[in-house]
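Thanks for making the time this morning. I would like to go through the pockets of one model and then look at a helix beside one of them, so please have the viewer open.

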Amino acid sequence: MLDVEVQQRAKAFSESMKSAVESANASDKTLTLNYINFETGSATLTANSKYELDNLVTGLNAYPQVRIEIGGHTDSTGDPAANRELSQQRAAAVAKYLTDRGIDPGRLRAVGYGDSKPLGPNDTEENRAKNRRTEFTIL
């Protein structure tokens with residue numbers, strides 16, 4: 001990834017986090033971690049995920065009073081119980097990344113939602129891709 005792209009993403013993330021922290025609207029408190037990816041069928045973060053996660057570490061350090069829920073989501077392909085478990089493992093992997101970088105685990109809650117909160121129907125590959133996501137919500 002190019003340094004300029006890393007810097008642009010960091011700036012955009014910082015602005016989004018600031019808006020979410022300052023907003024009184026509950027729906028503004030949930031942000032999708034757009035550049036978090038996992039190895040297929042596992043909770044292993046891909047190497048490029050570190051950039052977005054490092055942005056989250058920076059944001060949490062800037063707002064030490066903030067507590068978050070990390071929500072893992074899947075599409076509806078496959079067994080619902082397995083999807084819920086995988087989404088929980090993925091949310092926990094994000095939480096571990098954060099705690100490994102000094103974020104107090106008491107500020108984090110990892111929840112796997114499986115396919116229970118889709119952003120849209122699971123009727124196309126594009127929609128399924130939107131439903132496979134990691135979000136955080138400021139509590």
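Before I name any residues, let me fix the term: a pocket here is an open set of grid points, on a 1 Å grid over the protein atoms alone, with protein on both sides within 12 Å along at least five of seven lines, and a residue lines the pocket if it has an atom within 4 Å of a point. Please also keep in mind that this is a predicted model.

With that in place, the largest pocket holds about 290 Å³ of space, and its lining is made up of 15 residues, with Ile-36, Asn-37, Phe-38, Arg-132 and Arg-133 lying nearest the centre. If you colour by secondary structure, you will find that β2 (68–73), α3 (80–100), α4 (125–131) and β4 (133–138) each contribute at least two residues to that lining. Sorted by class, the lining of the largest pocket comprises seven polar, four charged and four nonpolar residues.

Turning to the second largest pocket, its volume is about 150 Å³, and the residues that line it are Arg-9, Ala-12, Phe-13, Ser-16, Leu-31, Thr-32, Asn-34, Tyr-35 and Glu-52. Two elements, α1 (3–22) and β1 (30–32), give two or more residues each to this lining, and the largest share, four residues, comes from α1. By class, the second largest pocket has four nonpolar, three polar and two charged residues in its lining.

That brings me to α1 itself, which has 20 residues and spans 29 Å from its first C-alpha to its last, close to the 28 Å expected at 1.5 Å a residue. Which residues of α1 are buried? They are Arg-9, Phe-13, Met-17, Ala-20 and Val-21, and because they cover an arc of only 100° around the axis, they sit on the same side of α1. Among the elements covering these buried residues are β1, α2 (49–62) and β4, while the face turned away from the buried side carries Gln-7, Gln-8, Lys-11 and Glu-22, which are exposed.

Finally, a word on Tyr-35, one of the residues lining the second largest pocket, which is found in the loop between β1 and α2. Tyr-35 counts as partly exposed, because its relative accessibility is 33%, a value in between the 20% and 50% cut-offs. Leaving aside neighbours within four places in sequence, Tyr-35 is in contact with Arg-9, Asn-48, Ser-49 and Glu-52.

Note on methods. Residues numbered from 1 in each chain as written. Predicted model: local features only at pLDDT ≥ 70, side-chain atom pairs only at ≥ 80, totals over all residues. Heavy atoms only, no water. 1 Å grid on protein atoms, 1.4 Å probe; cavity = no way out; pocket = protein on both sides within 12 Å on 5 of 7 lines; lining within 4 Å. Points joined across faces, edges and corners; volume = space filled by probe spheres on them. Nonpolar A, V, L, I, M, F, W, Y, C, P; charged D, E, K, R; others polar. Expected span 1.5 Å × (residues − 1). Buried < 20%, exposed > 50% of the residue type's maximum accessible area, 1.4 Å probe, protein only. Arc of directions from axis to C-beta. Contact = heavy atoms within 4.5 Å.
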